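Reader: Please take a close look at one residue of this model and place it in the chain around it. I would like the surroundings described as well as the residue itself.

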Amino acid sequence: MDQNTREELRHLLSTSGTMAGLCITGVTLFSTLGRTLGGTVVDDIFVLSALFFLLCTYCVFWALRTKHRGIVQLLTRIAEILFAIALTAMVSAGFIMTYTLW
């Protein structure tokens, strides 16, 4: 694995871990504010986003540990897809949350 790929994976590792924490914070926020119809949907979306971010973190970790180039490329691609899905879901949950609170 080249140094550039390794640095990108390190950034993705820390970012996906942070984003998982933010999703869990979002779930906690809605459970503290009380249950509304929008809140239950947002809770579910944030939980799924956190799951995808954690799976992304797991894939990146193994990509950094693996020596086989083909497996590294596969894990990197999976991690990027998981991150994109989770980020899209998190942003949509943010819009729903803003609309519900507004």
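Author: What follows starts with Gly21 and then moves out to the whole chain. The model is a predicted one.

Gly21 sits in helix α1, which covers residues 3–33. Is this glycine buried, partly exposed or exposed? Its relative accessible area is 33%. Because a residue is called buried under 20% and exposed over 50%, Gly21 counts as partly exposed.

A second position gives a distance for reference. Ala84 comes 63 residues away from Gly21 along the chain, and the C-alpha atoms of the two are 16 Å apart.

Now the fold that holds helix α1. The protein chain contains 3 helices and 0 strands, and read from the N terminus its elements follow the order α-α-α. The C-alpha trace extends over about 50 × 20 × 15 Å along its principal axes.

As for contacts, take those between residues at least 6 apart in sequence: 74% of them link residues at least 24 apart.

The surface and the charges complete the picture. Gly21, as said, is partly exposed; for the chain as a whole, 35% of the 102 residues count as buried. The accessible surface amounts to about 6500 Å², and carbon and sulfur atoms account for 69% of that area. On the charged side chains, 7 are positive and 6 are negative, with 9 Å between the centres of the two sets.

How values were computed:
Residues numbered from 1 in each chain as written. Predicted model: local features only at pLDDT ≥ 70, side-chain atom pairs only at ≥ 80, totals over all residues. Heavy atoms only, no water. Helix = DSSP H or I, 4+ residues; strand = E, 2+ residues; numbered from the N terminus. Buried < 20%, exposed > 50% of the residue type's maximum accessible area, 1.4 Å probe, protein only. Contact = heavy atoms within 4.5 Å. Areas by Shrake-Rupley, 256 points an atom, 1.4 Å probe, with all protein chains shown as cover. Lys, Arg positive; Asp, Glu negative; His and termini not counted. Charge placed at Lys NZ, Arg CZ, Asp CG, Glu CD.
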